[in-house]
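Here is a short note for a colleague who is opening this model for the first time. Please keep the viewer at hand while reading.

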Amino acid sequence: MENQEGKEVPAASAHDHGCACGDAGHFSLDQPPESLPDEELLYDLADLFKVFGDTTRIKILYALMARELCVADLAELIGATQSAVSHQLRTLKQARLVKFQRDGKNVIYSLSDDHVYTMLAQGMTHICE
């Protein structure tokens, strides 16, 4: 699987997301977890997946899989207003799924990291099977 820069993206591994979950928050694809993660981690994971529950946000994320874009370009590409895109980008930033950088007066958005790309690609693979 490749990311938006064409680099090979490894499958999810147990300890590569850099959080302070402890072993209870990690899993191996080879074995199920022996115990449940802390309640707070489960709550945070549920919140993360809620972010994927909006079609406009999914369209934005898919558009950003291909390249970095500003709000105006995102709005045109996905067929939404700039206001709607800005509103959804706020949610995506809070969930740390997108990042931004200023380019003069423009703000350019991109996926936060390869994990976001992997989640989208794996989700699409799952529903297409």
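The points below cover the sheet, one residue in it, and a charged patch.

1. First, the status of the model. It is predicted. Please read each point with that in mind.

2. Start with the sheet. It is open and has three strands, in the order β1-β3-β2. Pairing is antiparallel. β1 (69-70) and β2 (98-103) are the edge strands. Each has a single partner strand, so one side of each lacks a neighbour in the sheet.

3. Next, look at how β2 meets β3. Strand β3 covers residues 106-111. β2 and β3 pair in the antiparallel sense, and the pairing runs over six bridges. To find the register, go to Asp103: Asn106 in β3 stands opposite.

4. Now take Cys70. This residue belongs to strand β1. Is Cys70 buried or exposed? Its relative accessibility is 14%, and buried means under 20%, so Cys70 counts as buried. Cys70 and Val107 lie 37 residues apart along the chain, yet 5.8 Å separates their C-alpha atoms.

5. Turn to the surface. Which residues gather in a patch of negative charge? They are Asp38, Glu39, Glu40 and Asp44.

6. Last, a closer look at one member of that patch. Asp38 sits in the segment before α1, the helix of residues 39-51. Its relative accessibility is 48%. Partly exposed lies between the 20% and 50% limits, so Asp38 falls in that class.

Notes:
Residues numbered from 1 in each chain as written. Predicted model: local features only at pLDDT ≥ 70, side-chain atom pairs only at ≥ 80, totals over all residues. Heavy atoms only, no water. Pairing = 2+ DSSP bridges. Helix = DSSP H or I, 4+ residues; strand = E, 2+ residues; numbered from the N terminus. Patch = residues over 30% accessible without salt bridge, like charges linked within 9 Å, V, L, I, M, F, W, Y side chains within 5 Å. Areas by Shrake-Rupley, 256 points an atom, 1.4 Å probe, with all protein chains shown as cover. Salt bridge = Lys/Arg side-chain N within 4 Å of Asp/Glu carboxyl O. Lys, Arg positive; Asp, Glu negative; His and termini not counted. Charge placed at Lys NZ, Arg CZ, Asp CG, Glu CD. Buried < 20%, exposed > 50% of the residue type's maximum accessible area, 1.4 Å probe, protein only.
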